[in-house]
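Student: Before I rely on the labels attached to this structure, I would like to go through the reasoning behind some of them. Could you take me from the rule to the conclusion each time?

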Amino acid sequence: MKLFKGDAIKRVNNLLDKGEKRRAKLEEKVAKLQEEEKAMTQAVMDDFNESILEDKEPNKRLTNDLNKVREELQSAQFQLSQIDAVIQSEMEKQKDAIDQERRGFVADKGEEFRQLFDEMNDLKLAYLNKLIEYRGKKSAYENEYSRTFRDIENRVGLRRRDPRSDFSLNFSQRYQMDGNYSPMVYNDELREALMDGKLAFTTDKHKNAFKK
């Protein structure tokens with residue numbers, strides 16, 4: 001499996017990082033200009049009031065400076081309002097590249113899972129074939145038991161016993177049982193393995209149950 005580079009993902013993440021930095025910078029600039037505008041507006045009003053009281057012309061420089069700040073503030077606010085649209089536009093341009101990387105990533109990983117599924121399927125077939133082997137041996141055992149002990153049981157007066165209960169595997173059992181552990185695989189064991197990524201407690205406890 002080749003190493004995943006993710007060049008398109010890197011480009012997009014870099015673009016988003018730049019966008020966030022630009023947004024933060026614009027927000028800071030807007031806040032600063034708003035403070036300046038507020039202070040300069042008050043200065044213009046104070047100068048205007050003073051010009052009336054002192055019977056003189058208002059300071060045009062203050063008004064010009066205020067207008068410049070307002071223009072700059074308007075420009076910064078407009079850029080801030082457009083930042084999301086600009087980022088989204090760039091994201092649209094990268095959509096195909098991201099999708100191509102995504103499909104390539106899935107395809108590459110697919111080989112790993114195909115191999116894993118192949119191994120799991122081999123184990124499943126081995127398990128099912130062992131159940132078939134068990135069924136044959138169980139049937140042969142019951143027949144051999146009956147041939148060996150039926151007559152002698154009657155002759156010596158022993159109560160007959162049913163060999164079908166010997167060495168049985170309970171197909172209808174819903175979960176693994178601590179007091180009657182079975183080599184069969186049950187739903188609770190599958191659920192623990194798939195959902196929690198571990199052996200069920202009872203299974204782990206009895207993992208060596210049939211070893212000598």
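Tutor: Let us start with what a helix is here: a DSSP run of H or I that holds at least four residues, with the helices numbered from the N terminus. R150 is found in one such run, helix α2. Please keep in mind throughout that this is a predicted model.

Student: Why does R150 count as buried?

Tutor: The relative accessibility of R150 is 18%, and buried means under 20%, so R150 falls on the buried side of that cut-off. As for its surroundings, R150 touches Y145, R160, R161 and P163, when residues up to four places away in sequence are not counted.

Student: What makes L125 partly exposed?

Tutor: L125, which also has its place in helix α2, has a relative accessibility of 41%; since the partly exposed class runs between 20% and 50%, that value puts L125 in it. The distance from L125 to I98 can be given as well: these residues are 27 apart in sequence and 39 Å apart in space, taken from C-alpha to C-alpha.

Student: How do you know that D84 forms a salt bridge with R23?

Tutor: The closest N and O atoms of D84 and R23 are 2.8 Å apart, and the rule asks for a Lys or Arg side-chain nitrogen within 4 Å of a carboxyl oxygen of Asp or Glu, so the pair qualifies. D84 lies in helix α2 and R23 in helix α1, residues 7–54, so the bridge ties together parts that are 61 residues apart in sequence. R23 counts as buried at 17% relative accessibility, whereas D84 is partly exposed at 47%. The two residues also belong to a network of salt bridges that links E20, R23 and D84.

Student: What makes K29 and E72 a salt bridge?

Tutor: Their side chains meet at 3.7 Å, N to O, and because the cut-off is 4 Å, the pair is accepted. K29 lies in helix α1 and E72 in helix α2, so this bridge ties together parts 43 residues apart in sequence. K29 is partly exposed at 36% relative accessibility, and E72 is partly exposed at 37%.

Student: Why is the pair of E112 and K109 called a salt bridge?

Tutor: The closest N and O atoms of E112 and K109 are 3.9 Å apart, which is within 4 Å, so the rule is met. E112 and K109 are three residues apart in helix α2 and are therefore separated by about one helical turn. By this rule the count comes to 20 salt bridges.

Student: Turning to the rings, how many aromatic pairs are there, and why is the pair of F113 and F117 called tilted?

Tutor: The count comes to five aromatic pairs. For F113 and F117 the ring centres are 6.3 Å apart with 55° between the planes; because centres must lie within 6.5 Å, and tilted covers angles that are neither under 30 degrees nor over 60, the rings pair and the pair is tilted. F113 and F117 are four residues apart in helix α2, residues 60–156, so about one helical turn separates them.

Student: What makes Y141 and Y145 a tilted pair?

Tutor: Their centres are 6.1 Å apart and their planes make an angle of 45°, so the pair meets the distance limit of 6.5 Å and its angle lies in the tilted range. Y141 is partly exposed at 25% relative accessible area, while Y145 counts as buried at 11%. Both residues belong to a cluster in which ring pairs link Y141, Y145, F149 and F167.

Student: What makes up the lining of the largest pocket?

Tutor: Of its 24 lining residues, Y127, M184, V185, Y186 and L190 lie nearest the centre, and the lining divides into 17 nonpolar, two polar and five charged residues. Tyr is classed as nonpolar, so Y127 and Y186 count among the nonpolar ones. The largest share of the lining, ten residues, comes from α2, and the pocket has a volume of about 790 Å³.

Key: Residues are numbered from 1 along each chain as its sequence is written. This is a predicted model: local features need pLDDT of at least 70, side-chain atom pairs count only at pLDDT 80 or more; totals for chains, interfaces and linings use all residues. Side-chain values use heavy atoms; hydrogens and water are left out. Rings of Phe, Tyr and Trp (its six-membered ring) pair if their centres lie within 6.5 Å; planes under 30 degrees apart count as stacked, over 60 as edge-to-face and the rest as tilted. Helices (H or I, at least four residues) and strands (E, at least two) are DSSP runs, numbered from the N terminus. Buried means under 20% relative accessible area, exposed over 50%, partly exposed in between (1.4 Å probe, protein chains only). On a 1 Å grid over the protein atoms alone, a cavity is a set of points where a 1.4 Å probe fits but cannot get out, and a pocket is an open set with protein on both sides within 12 Å along at least five of seven lines; lining residues have an atom within 4 Å of a point. Grid points are joined across faces, edges and corners, and a volume is the space filled by probe spheres set on the points. Contact means heavy atoms within 4.5 Å.
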